[in-house]
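Me: Please take a close look at a single part of this protein and set it in its surroundings. One connected answer will do.

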Amino acid sequence: EEEEENDANEIEEIVGIDPGSGTMDMAERTMEAYDLDIDLASSSEAAMISELEEAIADQEPIVVTLWEPHWAFNDYDLEFLEDPEEAMGQSENIHTMVREGLEDDHASAYQLLDNFHWEIDDMNEVMLNAREDDVEIPESAEEWIENNRDEVDAWLEGVEPVENEEVELAYVNWETEIASTSVVAHVLEEVGYDVELTSVEMGVAFESLSNGDVDGMLIAWLPVGAASYYEQYEDEIVDLGPNLEGAQQGFVIPDYMDIDSIEDLQE
Ligand code: PBE
């Protein structure tokens with residue numbers, strides 16, 4: 001029998017990101033929930049974005065795993081596929097987590113990490129300014145701090161300066177995580193800390209935090225993305241709660257495509 005030509009038939013895979021990421025875990029669970037008979041290709045944030053850009057240049061159908069905040073939503077007309085089963089949750093918060101004992105060992109760092117909270121627009125500004133000015137995110141993070149002094153000063157309330165103390169933060173090499181981690185690292189340096197930043201995979205970040213090898217991290221998207229790691233490690237780490245609210249992950253398409261729900265990918 002002949003199949004009608006449409007965008008859904010042309011989709012043979014969903015373009016994912018790094019194996020071991022919360023995004024891939026949630027994508028796998030979502031594909032199971034909808035019983036999708038297509039592949040989930042792993043890659044990286046950068047490789048996923050370049051595939052997306054190539055598809056858009058050729059107006060080809062493509063489905064990627066993507067999340068908000070992300071500058072791609074600023075540069076391109078993109079849409080989240082509807083998720084009637086709510087397999088990806090309604091929205092995500094990004095949590096700050098620290099190792100047990102940090103409060104006693106480095107009270108000021110603990111206090112600052114506990115105070116740190118910002119909005120989607122703030123994180124977006126750091127990422128978009130880096131692109132606009134063609135600088136690395138740590139540099140646009142410094143600029144953001146200069147332009148948002150009042151907000152930063154509020155995080156510093158009750159935080160005593162220190163000397164000769166070192167803290168280590170783990171992060172994953174995703175732009176959202178580089179943005180938040182860079183901002184907090186700069187502010188910790190203002191307080192007087194020597195800050196070491198360690199880029200690892202998400203599972204390694206959780207493990208390092210649980211055994212005290214690193215002091216903190218700002219990377220856990222919950223309740224959905226990082227759920228598997230969180231369940232595994234929650235008794236061995238300290239969850240300081242959300243540093244950002246209202247984020248979202250999902251399956252994303254260019255808006256020229258003629259599908260609008262994950263259900264449209266079912267055969
Ligand atoms: N992400 C980017 C990460 C967090 C931000 C959504 C790819 C993840 O949890 O997998």
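Reply: This is a predicted model, and the part chosen is helix α10. Directly after α10 comes Gly192, with a positive phi near 120 degrees. The helix itself covers residues 175–191. For its 17 residues, a rise of 1.5 Å a residue gives an expected span of 24 Å, and the end C-alpha atoms are 24 Å apart, so the two agree.

Buried positions in α10 include Thr176, Glu177, Ile178 and Ala179. Further along, Ser180, Thr181, Ser182, Val183 and Val184 are buried too, as are Val187 and Leu188.

Thr176 and Glu177 also belong to the shell around the ligand. The elements that contribute two or more residues to this shell are α10 and α2. Its other members are Ile17, Ser21, Gly22, Thr23, Trp67, Trp174, Trp221, Gly225, Ala226 and Gln249. By class, the shell has five nonpolar residues, six polar and one charged.

The wider setting is a division into domain 1 (7–90 + 249–265) and domain 2 (93–246). Both domains give residues to the shell, so the ligand lies between them. Their C-alpha centres are 27 Å apart. Where the domains touch, domain 1 supplies 14 residues and domain 2 supplies 18. On the domain 1 side, helix α2 (residues 22–33) gives the most, with four residues. That side of domain 1 is made up of four nonpolar, seven polar and three charged residues.

Notes: Residues numbered from 1 in each chain as written. Predicted model: local features only at pLDDT ≥ 70, side-chain atom pairs only at ≥ 80, totals over all residues. Domains from an automatic or database assignment. Contact = placed C-beta atoms within 7 Å. Nonpolar A, V, L, I, M, F, W, Y, C, P; charged D, E, K, R; others polar. Near = placed C-beta within 6 Å. Expected span 1.5 Å × (residues − 1). Buried ≥ 20, exposed ≤ 12 C-beta atoms within 10 Å, placed from the backbone.
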